[in-house]
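Here is a set of questions and answers to work through with the structure in view. Try each question before reading on.

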Amino acid sequence: MRTLIFLFFIATGTIQAQQIDYNTKNGVAVAGYDVVAYFNNEAVEGNKKHTTQYDGVTYLFSSEKNRNIFLENPKNYIPQYGGYCAYAVAVKSKKVSIDPETFEIRDGKLYLFYNSWGTNTLELWNEEHPNELKTKADNNWEKIKQ
């Protein structure tokens, strides 16, 4: 009987699975930074006291208030491209880790970038026509998101 129920769920597509690959360094999104705080132009580390899960991913928040804001509409705060470097997705169609303190809010969306070893991809993103790069990243992400 269990097998029949399982097969029914597979056939009808009602089993929910994570649809994209999220950058979950140390088991949490955005290296443990508070995704709501970014929208106040702040890169703030989250606290394990204030967590939630969304789409199979754990998010940390700096306060219960930010956690509650996130829970009202999580899709507003989820970083683009699974939290991988937006520039690398655009230019190389690759999933590259980020520096959680290097970010941009563009058109109400959170974009994260690599910044290490003298390479700040947010600077490159802004120098190389970000709207064109965003279009490339959107197209590339569709191919590599799983």
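Q: Is Trp117 buried or exposed?
A: This is a predicted model. Trp117 has a relative accessibility of 81%. The cut-off for exposed is over 50%. Trp117 therefore counts as exposed.

Q: Where is Trp117 found, and what is its phi near?
A: Trp117 is found in the loop between strand S5 (115-116) and strand S6 (119-120). Its phi is positive, in a residue other than glycine. The value is near 50 degrees.

Q: Ser93 is another residue with a positive phi; what is the value near, and where is the place of Ser93?
A: Ser93 is a residue other than glycine, with phi near 55 degrees. At 27% relative accessibility, Ser93 counts as partly exposed. Its place is the loop between H3 and S3.

Q: How many helices and strands are in the protein chain, and what pattern do they follow?
A: The protein chain has 5 helices and 6 strands. Read along the sequence, the pattern is α-β-β-α-α-β-β-β-β-α-α.

Q: What is the average pLDDT of the protein chain, and which residues stay under 50?
A: The chain averages a pLDDT of 89, and 88% of the residues score at least 70. Where pLDDT is low, the predicted coordinates should not be read in detail. One stretch stays under 50, and the model has 5 contacts for it beyond four places in sequence. That stretch is residues 1-17.

Q: Which residues have the most contacts inside the largest nonpolar core?
A: The largest nonpolar core has 34 residues. Those with the most contacts inside it are Val35, Tyr59, Phe70, Phe113 and Trp125.

Q: Which element gives the most to this core?
A: Strand S2 (57-61), helix H3 (86-92), strand S4 (109-113), helix H4 (121-127) and helix H5 (130-144) each supply at least two residues of the core. One of these gives 5 residues, the most to this core. That element is H3.

Q: Which residues does Trp125 touch, not counting those up to four places away in sequence?
A: Trp125 is among the residues with the most contacts inside the core. Its partners include Ala86, Tyr87 and Ala90, and also Glu104 and Arg106. The others are Tyr111, Phe113, Pro130, Leu133 and Lys134.

Q: Is Gln80 buried or exposed?
A: Gln80 sits in the loop between helix H2 (64-72) and H3. Its relative accessible area is 19%. The limit for buried is under 20%. Gln80 is therefore buried.

Q: Which residues does Gln80 touch, not counting those up to four places away in sequence?
A: Gln80 belongs to the loop between H2 and H3. Its partners are Lys109, Leu110 and Tyr111.

Q: How many salt bridges does a search of the whole structure find?
A: Side chains of opposite charge can pair when their charged atoms come close. The search of the whole structure finds 5 salt bridges.

Q: How many residues apart in sequence are the parts tied together by Lys95 and Asp21?
A: The side chains of Lys95 and Asp21 meet in a salt bridge at 3.0 Å, N to O. Lys95 lies in the loop between H3 and strand S3 (99-106), and Asp21 in the loop between helix H1 (2-12) and strand S1 (47-54). The pair therefore ties together parts that are 74 residues apart in sequence.

Q: Why are Glu64 and Arg67 separated by about one helical turn?
A: Glu64 forms a salt bridge with Arg67, the closest N and O atoms being 3.1 Å apart. Glu64 is partly exposed, with a relative accessible area of 35%. The separation is about one helical turn because the two are 3 residues apart in helix H2.

Q: How far apart are the closest N and O atoms of Lys134 and Asp138?
A: The two residues are 4 apart in helix H5, so about one helical turn separates them. Lys134 is partly exposed at 22% relative accessibility, and Asp138 is partly exposed at 28%. They form a salt bridge, with the closest N and O atoms 2.8 Å apart.

Q: What percentage of the residues in the protein chain is buried?
A: The protein chain has 146 residues. Buried residues make up 39%.

How values were computed: Residues are numbered from 1 along each chain as its sequence is written. This is a predicted model: local features need pLDDT of at least 70, side-chain atom pairs count only at pLDDT 80 or more; totals for chains, interfaces and linings use all residues. Side-chain values use heavy atoms; hydrogens and water are left out. A nonpolar core is a set of buried Ala, Val, Leu, Ile, Met, Phe, Trp, Tyr and Cys residues joined through side-chain atoms within 4.5 Å. Buried means under 20% relative accessible area, exposed over 50%, partly exposed in between (1.4 Å probe, protein chains only). Contact means heavy atoms within 4.5 Å. A salt bridge is a side-chain nitrogen of Lys or Arg within 4 Å of a carboxyl oxygen of Asp or Glu. pLDDT is the predictor's confidence in each residue, from 0 to 100.
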